[in-house]
Amino acid sequence: MEAKKKSILVKVLKITGITLGSVLLLMFLMPIIFPGKIAEEVKAFANRKLNGELNFKEANLSFFNHFPSLTLTLTDFSLKGSAPFKDKTLLASEEVAFGINLKRLVFNGEINIDQIYVSNAEMNVLVNEKGEANYNVYVSDNKEEKKDDSSSTSLRLDKIVIEDSHLLYNDKSAKILMDAKGFNYRGKGDLDQAIFDLKTKMQIESFDFVFDGEEYLKNKKVNADLLTQINTNSLSFIFQQNNLIINKLPIDFKGKLNFLKSGYDIDFSVQSEDSDLHDVFTALPPHYVQWLEKTEMEGTTDLLLTFKGRYNVAENKKPDLTFKFKVRDGYVSHNEAPVPASNIYLNFETKLPALNTNNLNVKVDSLFFNLGKDYFSGIVETVGLETPNVKAKVKSRLNLGTLHRALGIQNMDFKGTLKTDIVANGKYNAAQHLFPVTKGSLVLQNASLKTIYYPNPIENINLTANVLNTSGKYKDLAVRIKPAQFVFEGKPVYVDASLFNFDDILYDIKAKGEVDLGRIYKVFSRKDLDVKGFVNADVAFQGRQSDATNGNYNKLNNKGTLILRDIRTKSEYLPQPFVIKEGTFAFHQNTMNFKDFLATYGQSDFKMNGQMQNVINFIMSDKAVLKGNFVVDANYINVDEFMVNATTSGVAETKVETTSESATTETGVVIIPSNFDFNLTANAQKINFEGLNIDRLKGQLSMQNGVMKLKNTNFDLIGSKFNMDATYGSLNPQKAAFNYQIKAKDFDVKKAYNEIKMFRDMVTAADNAEGIVSVDYKIAGHLDGNMKPIYPSLSGGGVLSVRDVKMKGFKLFNTVSKKTGKDDIKDPNLKEIDIKTTVKNNIMTIERFKFKVAGFRPRIEGQTSLDGKLNLKMRLGLPPLGIIGIPLKITGTSENPKIKVGKKGEDLEESEYEAVANDTITKANP
């Protein structure tokens with residue numbers, strides 16, 4: 001019996017040994033048997049299926065690189081991206097291995113790649129501003145290719161492994177940048193099926209996320225265990241189980257996403273329950289993490305983010321967004337704090353139904369914390385954004401110095417005592433003059449503020465403010481600031497104000513003191529604004545808004561002076577810095593006078609004298625109109641500098657990279673404020689506008705209702721005297737309307753053609769002309785965002801008077817001369833001719849005119865388009881009296897005229913301008 005058992009064991013061992021030996025032998029032999037076939041098939045497959053340059057050093061076939069899979073390993077692998085990134089690397093790796101399906105290889109002779117292994121790789125996913133990406137390198141099969149494809153190599157992945165790699169995703173179209181270092185990924189699923197489950201494990205040692213230039217995540221560790229069901233037929237995703245850990249914060253992510261024919265259906269839920277408050281902050285942007293290193297923090301949190309609903313523009317459907325965040329038993333103590341912020345309690349919830357900000361609901365119910373014996377307690381709820389309903393109850397007593405140290409707030413130091421007691425309930429709607437029923441007080445005592453941007457503090461800050469509204473209407477709103485004062489750089493500033501009845505404001509305001517704007521700007525260091533200079537105020541305003549509006553100036557008591565010196569403002573909204581070198585404003589009742597007000601803007605300079613009226617009413621009401629009368633003198637004005645987004649050559653301090661896309665970007669039209677009613681007498685020695693050099697301009701300019709008018713304006717241009725009337729108004733930031741009349745006597749037509757673009761475009765015949773002409777012309781139309789005329793919009797007409805012009809080299813007359821054999825017509829001299837034309841729909845219609853040249857009596861009429869096309873009718877009257885003539889029709893272009901004997905050609909196609917609603921200057925008569 002024992003011998004029999006022993007015999008069976010020996011047989012089992014032999015069979016096992018033979019099997020293992022055979023397997024091991026096969027593992028050694030197969031790379032030897034199939035290497036050429038596999039390598040050649042994979043290379044051929046790559047060349048056929050990859051739309052990108054592929055390079056590698058050598059190919060090795062082995063079972064042992066990724067045991068037990070049979071893999072073809074390519075070392076020093078690199079793959080360039082698809083257009084337009086063909087010169088940039090998409091993937092570079094020490095090795096890329098393709099797993100071969102062993103069963104199909106042995107039994108069917110098919111090389112099926114079902115696994116991919118990538119190690120120590122640099123992966124760069126790039127998307128440009130147009131949305132074009134570099135990862136479209138895989139060429140998918142179409143039906144015809146599948147029929148004709150005799151290759152036995154295919155790609156049916158069920159496993160993707162990426163180890164210790166670096167992934168960079170830079171999408172300029174979405175303004176998203178993601179940088180993942182130490183990227184490890186393992187994905188498994190039957191990716192060849194129409195519906196499959198994708199199981200994913202992912203670890204990232206350092207993850208950065210930047211959106212629109214703002215850094216949200218920096219050096220975060222990410223661990224993810226994901227299960228996603230993917231339906232490629234309907235393009236839907238079901239996120240069944242997605243557990244993430246960002247640094248230390250655990251997040252559960254579930255939901256679904258279905259792409260529809262016109263939009264998508266989404267149901268996302270991101271949740272973290274019973275998490276540690278400290279762990280929440282580890283997932284926040286970098287500056288919070290730096291603060292966290294020196295801060296002790298305790299407490300539990302719950303957070304929930306949901307995004308649910310259908311997105312369909314045609315049906316005006318959008319998903320609902322909800323975010324909830326709770327804190328219990330919170331405790332925060334910076335390492336320099338004398339006492340911690342304790343007993344922190346927060347219920348925060350916000351809802352955005354259908355992504356409509358008018359229905360935005362923000363609810364803080366409630367926020368409470370202790371700071372030793374001090375406290376803060378607040379309950380706030382708002383519904384809507386533009387006209388919100390407000391419920392609020394805030395009460396606090398805080399030592400700001402203690403609060404600052406307890407929270408460890410960076411970059412600034414503040415001190416003082418803050419007391420608040422505010423209760424509000426009701427709707428805010430400025431248009432309907434509604435204000436929440438409010439009773440509130442704010443007291444700030446012995447406060448100071450110092451930042452790292454400036455060595456000295458703003459100190460001795462004291463403020464007592466009270467707000468009272470008993471009815472919820474503007475007429476019962478009262479605001480008192482008694483007093484507000486501070487000291488900066490040893491100079492005190494004092495403000496005392498009382499405002500009652502905001503339907504008709506009864507005001508009593510006093511202000512006195514001097515402020516160095518440059519230094520106080522440094523205290524706050526705003527990136528989008530740069531201000532320098534000094535303001536010295538000693539003013540007192542007392543009266544009622546309606547008295548200012550109705551002209552009852554004897555009931556006002558406004559007086560004082562405001563002195564500006566070396567004021568320099570620069571912001572992202574102004575192309576160039578605006579500099580006030582000096583200016584003194586003197587207030588008397590409703591008038592503000594100023595004398596020798598000196599200012600510069602870029603290359604432009606101004607000296608103004610005059611007065612403004614309705615100043616107080618203008619400040620207190622967004623509907624009030626500021627009136628003024630000025631005399632403006634200037635040595636030089638560069639109008640181009642006033643474009644909305646303009647940068648002027650030689651002035652711009654920042655080098656701008658220009659591309660073919662940006663070269664056509666519209667800079668914006670000049671905007672005339674609608675609440676100005678100004679009359680200016682202008683005297684300018686030199687003006688530059690779109691390349692025109694205008695000298696000695698004198699004229700009357702008015703601004704009213706967003707429209708600017710020039711009346712009886714005289715100036716010198718191209719060495720001649722011009723008289724001009726014009727009306728201009730911006731329709732929107734990218735379009736303007738104008739009406740223009742110009743008279744000029746005896747100017748050089750060659751200079752006009754070379755220096756005035758509109759003249760060059762509209763009078764194409766002047767290309768080869770030399771001599772003296774006069775013009776009396778009216779034209780109206782629209783300007784685009786580069787302040788260029790939109791030619792189909794132009795309409796008008798006038799007379800071009802030719803006194804003595806030599807048409808040297810003029811192709812039209814040269815071609816007529818050649819066709820008729822009359823050399824005397826070539827290079828004619830034209831004298832005393834009035835050419836009347838009208839312009840409409842991009843076509844200039846030329847009325848019949850006659851002239852004499854070398855005994856001939858030509859007569860011309862017809863059409864020419866503003867882009868150079870011709871349709872002219874000409875009669876060449878023969879000597880001696882022109883009774884007998886040759887009829888000619890002239891077509892083609894001004895560069896290549898085509899002349900045939902005949903009476904009429906086909907009319908030129910008009911380009912009718914499609915104006916949208918309110919696309920004309922309606923606020924004034926142009």
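**Note on salt bridges, backbone outliers and strand pairing**

1. At 18% relative accessibility, E514 counts as buried, because the cut-off for buried is under 20%. The model is a predicted one. E514 sits in strand β24, which covers residues 506-516.

2. What does the side chain of E514 contact at 3.0 Å? That partner is the side chain of K491, in a polar contact. Another polar contact, of 2.9 Å, links the side chains of E514 and N536. Leaving aside residues up to four places away in sequence, E514 touches K491, P492, V493, F534, V535, N536 and R565. Both polar partners, K491 and N536, appear in that list.

3. Now the salt bridges. The structure has 14 of them. One is formed by the side chains of K475 and D476, at 3.1 Å from N to O. K475 is partly exposed, with 44% relative accessibility. D476 is also partly exposed, with a relative accessible area of 27%.

4. D716 and K721 form another salt bridge through their side chains, 3.2 Å from N to O. Is D716 buried or exposed? D716 is buried, at 9% relative accessibility. K721 is exposed, with a relative accessible area of 60%. This salt bridge therefore has one buried partner and one exposed partner.

5. The side chains of R803 and D746 meet in a salt bridge of 3.0 Å, N to O. R803 is in strand β37 (residues 795-807) and D746 is in strand β35 (residues 735-748), so this pair ties together parts 57 residues apart in sequence. R803 is partly exposed, with a relative accessible area of 40%. D746 is partly exposed as well, at 29% relative accessibility.

6. Which residues do salt bridges with shared partners join into one network? They are R696, D716 and K721. The D716 and K721 pair from point 4 belongs to this network. R696 lies in strand β32, residues 692-704.

7. Check the backbone at R696 and D746. Most residues other than glycine have a negative phi. R696 has a positive phi, near 50°, and is not a glycine. D746 also has a positive phi, of about 55°, and is not a glycine either. D746 lies in strand β35. Each of these residues also takes part in salt bridging: R696 in the network, D746 with R803.

8. Two peptide bonds deserve a look. Most peptide bonds are trans. D365 and S366 are joined by a cis peptide bond, with omega at about 0°. S366 is in strand β16, residues 361-371. K482 and P483 are also joined by a cis peptide bond, with omega at about -15°. P483 belongs to strand β22, residues 477-488. I would inspect both bonds in the model: D365 to S366 and K482 to P483.

9. Next, the strand pairing. How many bridges join strand β28 to strand β29? There are nine, and the two strands run antiparallel. β28 covers residues 591-601 and β29 covers residues 604-613. T591 has Q613 of β29 as its bridge partner. β28 and β29 form a hairpin with two residues between the strands. In this hairpin, G602 takes a positive phi near 60°.

10. β29 also pairs with strand β30 (residues 626-638), in the antiparallel sense, over seven bridges. Q613 has K627 of β30 as its bridge partner. M612 is bridged to G628 of β30. Q613 thus has a partner in β30 as well as T591 on the other side of the pairing.

11. Do β30 and strand β31 run parallel or antiparallel? They run parallel, joined by 12 bridges. β31 covers residues 676-689. Y636 has K686 of β31 as its bridge partner.

12. To follow the sheet in the viewer, start at β28 and step to β29. From β29, go on to β30. Then cross from β30 to β31. The sense is antiparallel from β28 to β29, antiparallel from β29 to β30, and parallel from β30 to β31.

Technical notes. Residues numbered from 1 in each chain as written. Predicted model: local features only at pLDDT ≥ 70, side-chain atom pairs only at ≥ 80, totals over all residues. Heavy atoms only, no water. Salt bridge = Lys/Arg side-chain N within 4 Å of Asp/Glu carboxyl O. Buried < 20%, exposed > 50% of the residue type's maximum accessible area, 1.4 Å probe, protein only. Helix = DSSP H or I, 4+ residues; strand = E, 2+ residues; numbered from the N terminus. Polar contact = N/O pair within 3.5 Å; in protein donor to acceptor, adjacent residues only side chain to side chain. Contact = heavy atoms within 4.5 Å. Pairing = 2+ DSSP bridges.
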